[in-house]
Amino acid sequence: MPAEVIEIESAKGEEPLQAVHEHHWVVRFTHWLNAIALFVMVGSGFQIFRAFPSFGAKIPQKDLLNWPKAFAIGGWLGGALQWHLTFMWIYIATGAFYLGYQIFSGNYPQVLFSRRDVRGVWPMARHYFFFGPKPPASEAYNPLQKLAYTSAIGLGVLTVLTGVAVWKPVQFSWLAWLMGGFHLARVWHFLTMWAILFFVLGHLVMVVLHGWNNFVSMLTGWKVDPEYPPR
Amino acid sequence: MDERKFKKMNRRELLKLTPLVALGAFALPKLREPLLKEGLVFSDWASGKLFRPGHLATTFTDSELTPFAKFPINGYDVDDPGVIFENWSLTVSGAVQKPGDYKLSDIQSLPKKRQNTRHICVEGWDVIGRFGGTPLSEFLKFVGADPAARFITVQCADDYYESLDMATAMHPQTLLCYEMYDQPLTREHGAPLRLTVPTKIGYKQAKYLTDLKVGHVLEKVGYWEDQGYSWFYGL
């Protein structure tokens, strides 16, 4: 799908700049709504975890970690469950709305990691982590970004599936079974959360390092003077 | 496009995100509580819709059982409310044809069922236990419960109370349980009679039952529910 490109004439008579419309409002809206929902899910999830901070037996109980209450939402188990059971619907709805948009609009090649992106992953990783030369940008997202975003979306789906297995291990016994039973489903739910947190950390670091233009485009949809040739 | 017009367009695009500000309502204590309550009510409604009356909870082999000594005893108050077994009976009231006091032997004369099922606590731990007792559906038939009634409420010797939707009460694995691990219930586990409901979370499995009421309206919900936990909490 060709992106919408416009030229902005400068009032001071400088060279006109190009601007490209990168993000439909659905993408921007669901991005921020999902970010808020994720924040609440993780925070309340930690408070729920505090009620039994272990993956072993109840007797004898060996705590895995003592997560500080200051970094948890809800105040107590019941309160945290209220947050968790409320925001999970927002989390799921934004995810479904986003995926529906990407599929039905045909916009997904912008973000979906595909076979032709495989070759570009290493040069990009070398640039980011080992001071390699910067590969030329040809589209909105570089191959490493696509890999990261596609993985994050996959992980988002997994947090929901593992969560359903923990919440409804009887009605969705097949899901719990796929994960090795209720007990392990709880472990998977925890691990997928950490995987998403790992992504969020990297995402935020990249935004701080060189993401102002990207940040603005996730708010308004428009990116001025993109570093890739707009098509 | 000139610069001013572009800026105006950007502002308009930004405005499309303003509905997100509505979530700020969750930051206001006055609005937060009713909103979270609605979220809980909605989740319970969805849970009710997802519940399938004929779908059985997974059962386990004897070798998968958690040893009896490692089956946690979770009371909200005391482990032993001091029930005097000789005087004990289950008082049945509400929408039933035969209200009254039922002795343990009355309940034990009904069909018996034994099952190894998973017990999941809201805290997150789980154990697999062996439970024996009378399906609640058999007992409800025995006392002539109104099939149109919608709720079961139970009262316990330790002042705990709980309630079940009728669909769950009629589920074949919902038991009036008087045995665990093929032995009579111990006091800590709710002797002489408790509920075991493998399709529900742990706190619904009330212990030390003394009263059972069949009703069309839910008068009393449950001890933990009144503290803010989910009512349906179907697994």
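**Exercise 1. At what angle do the axes of helix H1 (residues 25-51) and helix H2 (residues 77-105) of chain A cross, and within what distance do they come?**

Before solving, note the conventions. This is a predicted model, in which local features need pLDDT of at least 70, side-chain atom pairs count only at pLDDT 80 or more, and totals for chains, interfaces and linings use all residues. Residues are numbered from 1 along each chain as its sequence is written, while chains are lettered from A and ligands numbered from 1 in the order in which they are written.

Solution.
- Step 1. Find the elements: helices (H or I, at least four residues) and strands (E, at least two) are DSSP runs, numbered from the N terminus.
- Step 2. Fit the axes to C-alpha atoms, for helices over the stretch in contact; angles run from 0 to 180 degrees between N-to-C directions.
- Step 3. Read off the result: the two axes cross at roughly 150° and come within 8 Å.
- Step 4. Name the arrangement. Angles under 35 degrees count as roughly parallel, over 145 as roughly antiparallel, 65 to 115 as roughly perpendicular and the rest as oblique. H1(A) and H2(A) are therefore roughly antiparallel.
- Step 5. Sort the contact by class. Nonpolar means Ala, Val, Leu, Ile, Met, Phe, Trp, Tyr, Cys and Pro; charged means Asp, Glu, Lys and Arg; the others, Gly among them, are polar. The contact of H1(A) with H2(A) has 20 nonpolar, eight polar and no charged residues.

**Exercise 2. Describe the side of chain A that touches chain B.**

Solution.
- Step 1. Count contacts (C-beta atoms, placed from the backbone, within 7 Å). 39 residues of chain A contact 39 residues of chain B.
- Step 2. List the elements giving two or more residues to this side of chain A: strand S1 (4-8), H1, H2, helix H6 (182-210) and helix H7 (212-220).
- Step 3. Pick the top contributor: H2(A) gives the most, with nine residues.
- Step 4. Sort by class: this side of chain A has 23 nonpolar, 10 polar and six charged residues.

**Exercise 3. Trace the strand pairing in chain B.**

Solution.
- Step 1. Apply the rule: two strands pair if DSSP finds at least two bridges between them.
- Step 2. Take the hairpin. Strand S3 (residues 113-120) and strand S4 (residues 126-135) of chain B run antiparallel, joined by eight bridges. B:Ile120 has B:Asp126 in S4(B) as its bridge partner.
- Step 3. Check the link. Five residues lie between the strands S3(B) and S4(B), and B:Gly124 takes a positive phi near 125°.
- Step 4. Order the open sheet. Its five strands run S2-S1-S10-S5-S6 in chain B, with mixed pairing. Strand S2 (100-102) and strand S6 (161-165) of chain B are the edges, each pairing on one side only.

Technical notes. Contact = placed C-beta atoms within 7 Å.
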